[in-house]
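Trainee: Got a minute to walk through this protein with me? I'd like to go from the overall layout down to the ring pairs.

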Amino acid sequence: MKKEFKKNIVKNKNKIIIGFVCLVILLVVVLLIFNNVKDDKNNEANSNNNDNVVLDDVTEKDIIDAYNFTMDDAKELVKQEFNSDNFEFTVTISTDAKYIVEVKNIINNNVYKYEVDPATKTYVEI
């Protein structure tokens, strides 16, 4: 009876050790998955923050240095649409480093606004 008792104890010890090893492996896998999901959320939050960056105090010099495109270039680009002397052009810089060209009809006071992208040298009416 002692031999059978010793065999049962050895079998139970082996089962306990195998169960403990499986439990440790399972915990490690769960922690790795949880940590990876947490890192993905942080990366997503950081990338969303970078998309909403607002540039402060962008100057014409900054745009010229980056794109070699001046306010006069922006005005001349938009001016191609208007074939009359009845328009006044005003150029400002937006916070996202684009030129805003306002065209005012001096006869009826209508105002048209165009956003000029100095990187692509294109414009759209806004």
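Mentor: Sure, here are a few questions and answers on this chain, and keep in mind that the model is predicted.

Trainee: In what order do the elements of the protein run from the N terminus on?

Mentor: The secondary structure comes to three helices and four strands. Helix α1 covers residues 2-51. Reading from the N terminus, the order is α-α-α-β-β-β-β.

Trainee: What percentage of the residues count as buried?

Mentor: Start with the surface: the accessible area is about 10100 Å², and 55% of that belongs to carbon and sulfur atoms. The chain has 126 residues, and the share that counts as buried is 16%.

Trainee: Is V29 buried, exposed or partly exposed?

Mentor: V29 sits in helix α1 and belongs to a nonpolar surface patch with I17, V21, I25 and I33. Together, the five have about 450 Å² of accessible area. Buried means under 20% relative accessible area and exposed means over 50%. V29 has 40%, so it is partly exposed.

Trainee: Which elements each supply at least two residues of the largest nonpolar core?

Mentor: As a rule, nonpolar side chains in soluble globular proteins tend to be buried together. The largest core here has 16 residues, and those touching the most other members are V78, F82, F89, Y99, V101, V103 and V116. The elements that each give this core at least two residues are α3 (71-79), β1 (87-93), β2 (99-105) and β3 (111-117).

Trainee: Which residues does F82 touch, leaving out those up to four places away in sequence?

Mentor: F82 has a relative accessibility of 13%, so it counts as buried. It also belongs to one aromatic cluster with F87, F89, Y112, Y114 and Y123. With those sequence neighbours left out, F82 touches F87, F89, V103, Y112 and Y114.

Trainee: How is the pair of F82 and F87 classed, given its plane angle?

Mentor: The whole structure has six aromatic pairs. For F82 and F87, the ring centres are 4.7 Å apart and the planes meet at 55 degrees. Edge-to-face needs over 60 degrees and stacked needs under 30, so this pair is tilted.

Trainee: And how is the pair of F82 and Y114 classed?

Mentor: This pair links distant parts of the chain, with F82 in the loop between α3 and β1 and Y114 in strand β3, 32 residues apart. Y114 is buried too, at 9% relative accessible area. The ring centres of F82 and Y114 are 6.1 Å apart and the planes are at 75 degrees, so the pair is edge-to-face.

Note on methods:
Residues numbered from 1 in each chain as written. Predicted model: local features only at pLDDT ≥ 70, side-chain atom pairs only at ≥ 80, totals over all residues. Heavy atoms only, no water. Patch = residues over 30% accessible without salt bridge, like charges linked within 9 Å, V, L, I, M, F, W, Y side chains within 5 Å. Areas by Shrake-Rupley, 256 points an atom, 1.4 Å probe, with all protein chains shown as cover. Salt bridge = Lys/Arg side-chain N within 4 Å of Asp/Glu carboxyl O. Buried < 20%, exposed > 50% of the residue type's maximum accessible area, 1.4 Å probe, protein only. Core = buried A, V, L, I, M, F, W, Y, C linked by side-chain atoms within 4.5 Å. Contact = heavy atoms within 4.5 Å. Phe/Tyr/Trp six-rings, centres within 6.5 Å; stacked < 30°, edge-to-face > 60°.
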